[in-house]
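Explain how this protein chain is packed, beginning with its interior and ending with its open space.

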Amino acid sequence: METSTFVYDGDCAFCTTCAEFIERRIPTAARVVPWQFADLDALGLTVAECEEAVQWVGADGSRAAGPDAIAKLLAASGPLWRVAGAGLRFPPVRAAAWPVYRWVARNRHRLPGGTAACSLPQEARERLYGPTGRPTTGA
C-alpha cells in the first residue's frame, strides 16, 4: 500500500464531524475515508472491526484501532500533532484512552454532531435509513 489510511464510520454524524476536523486541521498524508466507501478487503479490515472502532492501516501494513489508530494518525501528521500522538501512546495515557474511547463510542449519539442513528448497529441503520443514510419510505 502506498498511503496510510484512517477509516471511520461515515454513517455517524459525530464521527464524520471529527473526520472533517482532521481533514481541515491536521496536516497528514493519510487518506481519511468512511469505511462504507473503503475497499475493506484491500485494507484487510472487516465490517465488524470498522463498526467497533476507527481503524488505521499504515502504508507498511501496520494496523491499529480506536485511540491507537488516532495516535498513529497523529504520529503521521505535523510536528505539534506528532507530540499529541506521542502523548496518546504514553502507557498511562494509553491505558486511560481505551475506556474513554469506548465511552465516547457508546455515547456518540449524545455528543455534538451526533444523531440517534449513531447509536444503532450498521444493520439496524440500513434497515431504518437505507444504505444512503436517508430514511426509507414504506410503500
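In this predicted model, the largest nonpolar core has 19 residues, and the members that touch the most others are Phe-6 and Trp-56. Three elements, β1, α1 and α4, each contribute at least two residues to this core. Its largest share comes from α1, which supplies four residues.

The surroundings of Trp-56 can be listed residue by residue. With neighbours within four places in sequence left aside, Trp-56 is in contact with Ser-4, Thr-5 and Phe-6, with Ala-30, and with Ser-62, Arg-63 and Ala-64. Its remaining contacts are Ala-69, Lys-72, Leu-73 and Ala-76. Phe-6 is thus a contact of Trp-56 as well as a core member. Another core, of nine residues, lies apart from the one just described; Val-33, Trp-35, Ala-38 and Leu-43 are among its members.

Helix α1 deserves a separate look. It spans residues 13-25, and its 13 residues reach 18 Å from the first C-alpha to the last, close to the 18 Å expected at 1.5 Å a residue. The buried residues in α1 are Phe-14, Cys-15, Thr-16, Ala-19 and Ile-22. An α-helix has 3.6 residues a turn, so residues three or four places apart point the same way. The cover over the buried residues of α1 includes β1, β2 (31-34), α4 and α6.

Why does Thr-16 count as buried? Its relative accessibility is 19%, and buried means under 20%, so Thr-16 falls within the cut-off. This residue lies in helix α1. Not counting residues up to four places away in sequence, Thr-16 touches Tyr-8, Asp-9 and Gly-10.

The next topic is the space left open. Rolling a probe the size of a water molecule over the atoms shows where empty space is left. The largest pocket has a volume of about 600 Å³. Its lining consists of 31 residues, and those nearest its centre are Phe-14, Val-54, Ile-70, Tyr-101 and Val-104. Phe-14 is also one of the buried residues of α1.

Which elements each supply at least two residues of this lining? They are the strand β1 (5-8) and the helices α1, α3 (47-52), α4 (66-75), α5 (79-89) and α6 (91-107). With seven residues, α6 gives the most to the lining. By residue type, the lining divides into 25 nonpolar and six charged residues, with no polar ones. The elements β1, α1 and α4 therefore appear twice in this account: each supplies at least two residues of the largest nonpolar core, and each does likewise for the lining of the largest pocket.

Methods: Residues are numbered from 1 along each chain as its sequence is written. This is a predicted model: local features need pLDDT of at least 70, side-chain atom pairs count only at pLDDT 80 or more; totals for chains, interfaces and linings use all residues. Side-chain values use heavy atoms; hydrogens and water are left out. On a 1 Å grid over the protein atoms alone, a cavity is a set of points where a 1.4 Å probe fits but cannot get out, and a pocket is an open set with protein on both sides within 12 Å along at least five of seven lines; lining residues have an atom within 4 Å of a point. Grid points are joined across faces, edges and corners, and a volume is the space filled by probe spheres set on the points. Ala, Val, Leu, Ile, Met, Phe, Trp, Tyr, Cys and Pro count as nonpolar, Asp, Glu, Lys and Arg as charged, and the others, Gly among them, as polar. A nonpolar core is a set of buried Ala, Val, Leu, Ile, Met, Phe, Trp, Tyr and Cys residues joined through side-chain atoms within 4.5 Å. Buried means under 20% relative accessible area, exposed over 50%, partly exposed in between (1.4 Å probe, protein chains only). Contact means heavy atoms within 4.5 Å. The expected span of a helix is 1.5 Å times one less than its number of residues.
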